[in-house]
Amino acid sequence: MSEFLMARTELTAADRARLGTLAATLRSIPALAERYSAVDTVDSLDDLARVPVMVKDDLQVALAHLQPRAADGATWVFQSGGSTGSPQVGYAPTGLYMREVYENWGALDPSDVFVNGWSAGKMWGAHFLVNSYVDLARCTAMNLGAMSKEEYDPWLEFFASRRVTAYGGTPSVLRLVFGHARDAGVKLPDLRKVLWLGEAWDPQLDEDIAAVAPNARRWGMFGSTETWVVATNTPDCAADQWHLLPSSLICVGDDEMLDFTSLNPRALNPVLRYRTGDAGQVVTCTCGRPGALRVLGRRDGLVKFRGHLLNVDDLVADLGRVRGVARAQLLVKEFADRGSVLEVLVLPTGEAGDDLAERVRAHILGSAFGPSVVFQRNPDALEVSPVAALIANERTGKISNLVVRRHP
Ligand SMILES: [Zn+2]
């Protein structure tokens with residue numbers, strides 16, 4: 001049975017009006033009109049359960065047709081994706097819907113000195129969205145963006161001398177910064193809050209943050225460029241468990257696939273049962289609040305490698321536990337003439353030693369995960385390369401667990 005999850009106990013009159021408007025909007029789009037022709041009134045969750053789900057292309061088709069405009073103030077266009085899929089566009093009015101986030105999530109307060117570590121520019125929304133939140137929280141803010149490796153030490157020194165209390169970024173970026181800070185013996189005793197958004201939490205961060213900033217705890221936001229922020233969590237919540245904002249309505253399908261509906265009347269994206277590819281389940285959060293969403297991650301994490309299923313996220317997490325590995329990344333190189341090669345890129349920690357590549361290789365060959373048998377037969381299909389930097393999306397700094405490159 002699929003199950004609807006929302007912050008309020010039932011749909012309000014305004015919610016029903018919003019659902020009707022969303023359905024009418026989708027019916028007005030030529031490419032979607034037929035599919036939504038039978039959906040006129042959506043007065044209950046039972047009605048909503050009969051509404052067809054939207055997939056990524058549907059929303060992009062709808063937005064291209066609608067060219068949404070905000071009624072008050074500017075219309076902002078943002079873009080996500082590009083590292084593993086085609087770019088997704090999303091629209092938002094000035095303020096980026098952050099008032100609702102502010103009213104339901106107390107990550108920052110006026111006493112905070114906050115460093116925004118999300119990169120600005122190239123139409124990625126996170127940097128600007130967090131600044132809208134900062135505006136409401138009335139704290140002191142510094143816009144840093146992502147740092148390059150050579151910049152870590154001077155900026156970390158700056159954080160310490162300016163008594164920075166809060167720092168935010170994508171977990172990929174945070175992992176590199178805190179990993180470096182830990183190796184370099186940096187201490188940030190004033191740092192109390194680590195804000196994150198854009199990827200799943202990396203458990204290695206818990207250890208690194210504890211060593212660098214023992215007073216810091218994590219505060220998360222969950223969403224996408226198309227749905228915007230739909231849920232938040234606090235330090236008392238498990239990192240994969242989330243509390244919905246009042247305007248969010250999420251359906252957890254039979255197959256655990258999630259779809260998202262935005263009840264916010266100001267939302268410019270027609271998000272009506274929109275599937276992002278994430279899976280999840282309804283749980284009672286570790287903080288004690290029931291009706292929380294546990295996000296299980298994307299269901300597209302399984303790839304075929306030489307006929308064997310490879311669970312990308314599991315392998316990367318497993319390699320992250322090998323001594324001397326700060327983080328691993330899988331690069332699948334597809335050659336037309338000699339089949340695929342898995343190159344495991346490993347970012348070493350200070351304690352890695354010269355035998356890191358051999359140890360990682362032995363770890364993979366000795367493990368029971370899918371393709372290890374392939375490498376026992378075809379040793380050339382596996383390469384392990386210690387690298388100075390993993391392959392990052394240059395716009396967002398995000399580091400995908402998997403990069404696929406086709407070679408002619
Ligand atoms: Zn919680």
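Trainee: Let's start with H243: is H243 buried or exposed?
Mentor: Good place to begin, and keep in mind that this is a predicted model. The cut-off for buried is under 20% relative accessible area. H243 has 6% relative accessibility, so H243 counts as buried.

Trainee: And how does C287 count by relative accessibility?
Mentor: Partly exposed lies between the 20% and 50% limits. C287 has 28% relative accessibility, so the class for C287 is partly exposed.

Trainee: Which residues are the protein donors of the zinc ion?
Mentor: Happily, H243 and C287 are both among them. H243 gives its NE2 atom, while the cysteines give SG atoms, and the donors lie 2.1 to 2.3 Å from the zinc ion. In sequence, the donor residues follow the spacing C-x5-H-x41-C-x1-C. The protein donors are C237, H243, C285 and C287.

Trainee: How many residues apart are H243 and C287?
Mentor: H243 sits in strand 10 (residues 241-244). C287 is in the loop between strand 13 (274-283) and strand 14 (292-298). The pair links distant parts of the chain, and its separation is 44 residues.

Trainee: What geometry does the site of the zinc ion have?
Mentor: The angles among the four donor atoms are 101 to 120 degrees. Four donors count as tetrahedral if all angles lie between 85 and 135 degrees. The site of the zinc ion is therefore tetrahedral.

Trainee: Now for R217: which backbone oxygen does the side chain of R217 reach?
Mentor: R217 is found in strand 8 (residues 217-224) and is partly exposed, with a relative accessible area of 45%. Leaving aside neighbours within four places in sequence, R217 is in contact with R192, K193, V194, P235 and D236. At 3.5 Å, the side chain of R217 reaches the backbone oxygen of P235.

Trainee: Which strands are the edge strands of the open sheet of four strands?
Mentor: The order of this sheet is 19-18-17-20, with mixed pairing. An edge strand pairs on one side only, and that holds for each of these two. They are strand 19 (382-386) and strand 20 (402-407).

Trainee: How many bridges join strand 17 to strand 18?
Mentor: Strand 17 covers residues 325-335 and strand 18 residues 339-348, and the two run antiparallel. A328 stands opposite V346 in strand 18. The number of bridges joining the two strands is 10.

Trainee: Which helix lies across strand 17, strand 18 and strand 20?
Mentor: Look for the helix at residues 312-319. This helix runs at about 140 degrees to strand 17. The one you want is helix 9.

Conventions:
Residues numbered from 1 in each chain as written. Predicted model: local features only at pLDDT ≥ 70, side-chain atom pairs only at ≥ 80, totals over all residues. Heavy atoms only, no water. Pairing = 2+ DSSP bridges. Contact = heavy atoms within 4.5 Å. Axes fitted to C-alpha atoms, helices over the stretch in contact; angles between N-to-C directions. Donors = N, O, S within 2.8 Å, 3.2 Å for Na, K, Ca; no water. Tetrahedral: all angles 85-135°; square planar, octahedral: opposite > 155°, others 65-115°. Buried < 20%, exposed > 50% of the residue type's maximum accessible area, 1.4 Å probe, protein only. Polar contact = N/O pair within 3.5 Å; in protein donor to acceptor, adjacent residues only side chain to side chain.
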